[in-house]
Structure formats: C-alpha cells, structure tokens
Amino acid sequence: MTEYSRTLARAGTAHELSVSVVVCCHSSKRWQRLVSSVASLREQTAPAEIVVVVDHCAPLEGRARSLFPQDVLVVANSERPGLSGARNTGLLVSRGDVVAFLDDDAVAEPGWLAELLAAYDDPRVLGVGGHVEPSWPVSRPSWFPPEFDWVIGCSHPGRPVRRDEVRDFVGANMSFRREILTGVGGFRTEFGGVGDQPASSGEIELCARLAQRYPDGVLLYQPAAGVRQHVPPERATWAYFTARCRAEGLSRAAVSDSDGHPRALDTEREYVRRVLPAGIAHALRAAVFERDLAGLARAGASLGGLAATCAGYAAVRVRQARTIRSAKALAVLLIALTLWAVSLRSANPRAMNDFGLLSILPPTYWMGFALIVGGAVVLNHRGNTSGRVLAAYLTALIVQLHGTPAILYGSPRYSWSWKHLGIVDFITRRNMVDPAIGTLSAYHGWPGFFSLNAGFVDAGGLTGALNYAAWAPPVFALLAFPPLRLLYGTLVPDRRQVWFGLLFFYLANWVGQEYFSPQAFAFVLYLTVLAVCLAWLPAGRPVPRWARWLGGGVRARKTLPAPSRRGVLAVVVLLLIAVVSSHQLTPFMLLSALTCLVVTRQIRPAWLLPLLVALIAAWDLTVAEPFLKQNLYWIVESIGQPTANTQSNLVDLSNTPYAQKLVGYADRSLTGAMYLLAGLGWLRGHWTRSPRMVPVLLALSPFPLLVANNYGGEMLFRIYLFGLPGLALLTAGLVYPQASTRLWRAVFPAALAVAVTISLAFAYYGKERANYFTSEEIEAEMWLYDNAPPRSLLIGATPDFPWAFRHYEQYDYTFLENLSAEERRDIAAKPTEAMLDMVGDHPGRAFLILTRSEDVSARYTGLLRADVMPRLRALAETGVFQVVYRNPEAVIVEVKGAAS
C-alpha cells in the first residue's frame, strides 16, 4: 500500500469532510475588501471555519479582532513575513479536513465551497481549485489582453472550461486535503510575495511537490467554484503589468530549478505555443477587420508581457554564459522590433512618391532593420550563438521586410495577387476549372495552387482568399526557411556559412515572387524537393572525374534504412505531382536541377528524372492540353532565341522616371553582384580546399531555360530566383569557413550585408507606388463588376488595378499596353477615335477604367507614352464619353461604340 493510499484511507468522502477557509491579509488599506471577503464566506451554503491571518501588521490585527464576529478566528502570522508564511500559519491553527484559501481582496460566490467540496468525492483528488474572475473598478483597460489575466491573479483563457485535471491553481481560489498539505510540509517560505510586491506566490511550487510526492493523485480544476477578484487601479497600469510579468518569469525559473522535473514548464510552453498566439491573432484580426485600434495595443501588450516574462526567466539563468548572450541578443531583437512597430505609425502609403516605400519609411524603420541584420551578422560570426536565436533574427527580418506592406496597405500588393484571387473566386463559385476558357487559361491549365486555396476557403467558411492573401509574402518567405536550412546544412559543414547563406538569401531576394501566387507556392516545393533529395537520398558514389573541378559533393550522411527511404521517395513523388500541377515553369526548373544532381552523382535514384518527365508530359497532354493548343505556335517560335528571351521591361529603362531608373539599376547591380560574389566564393573554396559542387549546380541549373521561352519577359529574373539558393551559399563561402571569431573580423561580412541591404531596399521597395492599391481603387472596381452587365468590354491602360479579373468569365478584356507601338501612338494622338476603334462592333457595353495605379504602372514600365493617361482622363473631363463612376483615385467611363 503506497503512502498516498494510506493517507487517503483515513480521509472521508465529500459529505463527511469539514472545511476551513484561510484568508491572509497584510495592510489596513485593504480593510473594506477584507470585510467583503469575510462576509462572502459567512454567506456560503456549506458551513466553514473562517481563519483570518494577519501578516505582521499590528494595527490591522487589533482592528480585525475587535470588529469581526466571534465565529471568525483572527491570528497573527507566526512565521517569516510573506504570503507563504501566513498560509502556513492558517494551516496550523485551522481544524477542517479540507483547507481552502481565499485572497483578502476576493469575494466568493455563494456556492463556492459546496462546489469545491463536491469534487472531493473522488479519493484520488489532492486539491481542488476554481475560476477567478476579475472585478475591474470601472471597466477592463482596452489594451489589457485577457490572456494575461494571471497578471492580476485571475484565470486566463488557457484554463479549462469544464472540470479537468491541472498542474497548479490560481492562488486566490484553491483548496487541499489537510493531511496531504501537512504531509509535504505546507508552503515553502522562500517562494511567494511579501506585501504588495508583484511576485508569484508559492502555490505553483507546492503543486509541483504534491505531484512528485503523490504521482497517482489529482489536482482538479472546477470552474463552477467561482470567486471575483478585485483589481485595484494601480494594477491596471503598464508598469505593474511588466513588473508582474517579470516577477512571474523569475518565479517560474526558480520553481523549475527546485522541481527538477524535465517537464516542469510544459504548461507554460503550451501557453506560449497555443494560448498566446491565438490571443494575438484575435487582437490583430480585430484591428484589421473591425478597425479596432485597441487590438494592436492588446497584441503589443501580449508581446511586451511575453518579453518581460522571458526576461525575468532569463535573469535567473545568468549563471550560464550562453543564456546571458541569448538574452542580450533577444533584447536587442526586441528593441529592433519595437523601432519597427513605432515606425509604422507615421508611414502613410498614400504619400509615396516614385521611390516607393523608401520615401515614407522613417529612420526608426531602418534603425530596426540595421539592428536585425547587424545583430545576425555579429551573432553568427561569434560561432556559439544558439540556432534558435539566429532563427529568431531571420524570422524578424522576414516579418519586417515582407510584413510591412501587408500592415500598411491592408490589402494585397501586386496586381497579380488580385488576378490570382479572381481564379480562386472562380473555382470557389463554380467548383471546377475550365482549361478551355479564353481568359486566363494558363491558370486553369495548372490549377493546383488555386484549387488548394479554394478548398481552404470552403473549409474555413471564409468569404474568399482576400481574407488572408495580403499576408502571403511573409508566410511564403517563412515557409522557405526550413527547407533552406536543411539544404544548406546538408551541403556545407561550417555552421556559420549555413546561417550567413540564409541571411544572404533573404537579403538578395529582390525579385518579389513571394506574393499570393502559384510561383511562390511552387518555389517552396522546389526547395523542399531539393533539400529532401540531397539530405536523405544521396547517391553514395564518387563524383565523376570530369566534374571534380567544380568541387566536392554532398556531406556524408548515414544511409536511411529501406522502409524510411521508401517513405522519403513517396514524399518526393507527391511533391513532384504538386509542382507539376501548380505551375508552368517550376517543373522545368526542377527537372534541370535534378538532372545536374543525378548526372554528377549527388542524388539517387536516377528514375526520378524520367518520372518527372512523364508527369510533365502527362499533365501537359491532358489537363493543360487546351492551353498548349492555343499557344503552341509562339512557344515553339521562342525556343532557341536567347537574345529575344532577354528582352523585357526589366531591361528597358529609357522611358521610365528617374527614380525608377535608379531602382532598375539597383536590382541589376544586385543581380550582377551576387553572381560575382558567388564566383569569388567558389574560388576561395578552391583556395581553402573546401569547395562544394552542389551550390554551383544549383546556381547554374536554371540557365538552360533561357533558350526556351521568355516567360512573358520575366525569364531573366526567374533564372536569378531559382539560382539564388546556390548563389547565396557560395557568397557565404567568400567569408566562411573561418577560424577566427574576433569581432573585428566580422567587419567584412557586415559590409557585404550592408551593401546588399541598400540594394535590396531600392529594388524591393522602390516600385511600391505601383504595387499599392487604395481603398478608393478597390471600391471603383467593386462598383464596376456590380454594375457592368455580362459580355461587356472592359478596357484598361494596364491590368495593374485591383480585381482586374473578377468574374472574368463573363467579360471581354483589352489593355492598351498590349497594343502595338503604332496603335499606342494613335491613342496619344487621337484618343477619341482610338477608343471607338477599340470598341468597334462589340455587341455589349464598353467601359474604360482609369485608376491611379494604372497611371503609375504605365509610367514605370515605359510601355505607354507619358501623355497617354492624361489624354484618356481628358475624355472623362470633356464629356466626350459618359462618366459612370468617379472618386479621387479612379474614373470609369462608358465608351459608346458603333454597336451603341
């Protein structure tokens, strides 16, 4: 018979148990609260002994003895000052089989004790706690997150909503069997607060000891046993909030040390993983969709509270040097993120000029960005920084870089995002794809990404993908992080080269393909296939002699057992199918990369190549066959014309504004610099006898696609995008491996990072005036599709406006930028006649859409003369055609053609 069983054999059932309630107090200032607390105990439906323990305050003790009724026992704390000592005194003088504890500023519901006692029917129950509801003097501060109600001694949303087992209780509402409590020695006086200081009480440590002493016992949470905790005004302040959070971190670290159990902080980890992110997401959702600015404050308070708690926890670990460094690094990161958050308050996207976001982001934004990049470089150079800390810095970099437009704009950036939203909307409405459709047929030929999002919209009960599309850039950038980390860790042994390569990948990725698109989705799959194949499907054979000059192969890895290898191959096959069904270009990029890896004996099995070829052919000859039939002639014509395939608006800057010329030079310079730095990194690898072949293969494998097709004028920077994983790792090889960890040796990698960051700022943020759409533009397009009858002709200068293709199967489209150079000159010279010619004998009505973003896009690309858009707007002003809609950012004109 265990000690636990012997103890409970002497305990009665809930109907036989007597109960004592201990109320600890320490200050006369809370007299009225104490009176209310005692009064609520005398009104309980279950009889109880009431014990009031005064913590070393003679005036309060005398007042309580003289004014409380005779049935209330008032005693002085006989142990050291503090809440734990007072509770032990109450335990010593009380006589009940069950001892309950109530705070002196809490009021119990009438059935509180009855609900607590009822739970003791189960002999396994060691103690029972209940729900603590905050009682605010006026109302809850709008910035105070409910997930942090533990700061004021109350239950938070992470607590169970029905009777359930828990690890510990809220100190204001708990009870224990007397024999159990005395058997473990009561509360430890080194834990718990003294007076009004914001410190965690000793109930957590007590519950941990009970769990170790009685492993078969149960600590039960009963939400029906409720009390209301008064919250004084001083506790509803930011100063108290942060101080209490820090104190909680200190206490949890101390309890963890005293407990010694490896899972002592499981509840806190679950809180940080599940409860806190859910609360922050809810607050941000309220801020974005309900225009509740207090939601931003609650989200910020949650992050600040978490940071303060973590800082308190880290303070206990100062004995460990690595923890000290990590704490300092995370503190710097917190400062950087704070600077970023502050900078967004003054950034107004409507005030952008031709330098895009560069023109409105204040110095605090770049100070925060510099702290993140500089901190990542220095911490990585030291060589002993935790991988989690480096991952936190890279995550912060991604969130700041890609999340800034999402926060400032409130809607998806890039007109292509809106085009893709139209595809998802089509599939959601019709539950099908139509590869034979005339408009946007390419997307119906490769619908994997769009069908996946349509299913997500349906499963989530959303009105459309517009609910989340604005956040696609940071999400896709973050999704690329794990496969990149696996890929780089497989290819090079030097840890610093791995992390510096990851940093350079994100700093050099100016292409902007992370938006809501099948390319972003397929690129993550591309990286995942390469990482999985290189990590877990190595060839295990020598590199061919003819290829050895490129460098060594993949790092030696333990061969997987046959079942695991088959599982990995099954995953790779599924990934290949997903790539082939989602995008036109990525399967060929992947085929080229895998071919290089198989031929140079880096991965196996070789049958992955014919499998991928078969998948591409099968898809193109079935689902995508209608599109290929319509477009095969120009696809074939473009093969073998690399010069023609390099011509795009990326190259032609002659007609663009001066600011955009600088932006164009920045992205070209960054592209050329990365190839140069990668080449130097490869040469240094030969010099240090540590070259790697695979990064070179990854950097060069996209180039065969240059002779195949111009891909709408985008082939050049798609080649750069798919080669970037290899380029970034080779560039990191220019610095690492390196024996020295001295700080001055970090000057060179820091200078490289600064130069690339400056180029990135221009290349990535410089075009944002064309990528941003105002609410007025969105409202205009919504009006258009709500009022234009089916089969109308919609005319735009460019497709660069929101919802350009909403319900597109019902309309005909034409865009001026697609006309020949001679036709565009006619529009500038004779806009009225040109518009009438464009409408011609179209059987439906015709509408000309003129928006701010079209004007900006036309100027930036240089495809339309600078005077075209003003002349078209003049048609609306002169009344030649009928203006059917107008707001400050958009004009919609009905063009009366010959059919009218």
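Here is a short tour of this predicted model, one selection at a time.

**The whole protein**

Start zoomed out, with everything shown as a cartoon. You're looking at 900 residues, and 56% of them count as buried. The cartoon should show you 35 helices and 14 strands. If you line the view up with the principal axes, the C-alpha atoms fill a box of roughly 105 × 75 × 50 Å.

**Strands E1 and E2**

Now select residues 19-25, which make up strand E1, and add E2; the two pair in the parallel sense over 6 bridges. To see one of those pairings, click on Val21: its bridge partner in E2 is Ile50.

Stay with E2 and select residues 49-54. How many of the residues of this strand are buried? The count is 6 of 6, so E2 is largely enclosed by the rest of the structure. Turn on the side chains and look along the strand. Glu49, Val51 and Val53 point one way, while Ile50, Val52 and Val54 point the other way. Whichever way they point, all of these residues are buried.

**A nonpolar patch**

Next, switch on the surface and pick Ile407, Trp471, Val475 and Leu479. These residues form a nonpolar patch there, and together they have about 350 Å² of accessible area. Zoom in on Val475, which you'll find in helix H17, residues 472-479. Val475 is partly exposed, because its relative accessible area is 43%, between the 20% and 50% cut-offs.

**A positive patch**

Keep the surface on and select Arg541, Arg545, Arg548, Arg601 and Arg604. Here you have a positive surface patch made up of these arginines. Take a closer look at Arg545, in the loop that runs between helix H20 (518-536) and helix H21 (562-582). Is Arg545 buried or exposed? Its relative accessibility is 72%, so Arg545 counts as exposed.

**A loop residue, and a long distance**

For the last stop, select Leu706. Like the previous stop, this one takes you to a loop: Leu706 lies between helix H27 (693-700) and helix H28 (715-732). Leu706 counts as buried, because its relative accessibility is 17%, and buried means under 20%.

Before you close the viewer, add Ser40 to the selection and draw a distance from its C-alpha to that of Leu706. How far apart are they in space? The answer is 81 Å, for two residues that are 666 residues apart in sequence.

How values were computed
Residues numbered from 1 in each chain as written. Predicted model: local features only at pLDDT ≥ 70, side-chain atom pairs only at ≥ 80, totals over all residues. Heavy atoms only, no water. Patch = residues over 30% accessible without salt bridge, like charges linked within 9 Å, V, L, I, M, F, W, Y side chains within 5 Å. Areas by Shrake-Rupley, 256 points an atom, 1.4 Å probe, with all protein chains shown as cover. Salt bridge = Lys/Arg side-chain N within 4 Å of Asp/Glu carboxyl O. Lys, Arg positive; Asp, Glu negative; His and termini not counted. Charge placed at Lys NZ, Arg CZ, Asp CG, Glu CD. Helix = DSSP H or I, 4+ residues; strand = E, 2+ residues; numbered from the N terminus. Buried < 20%, exposed > 50% of the residue type's maximum accessible area, 1.4 Å probe, protein only. Pairing = 2+ DSSP bridges.
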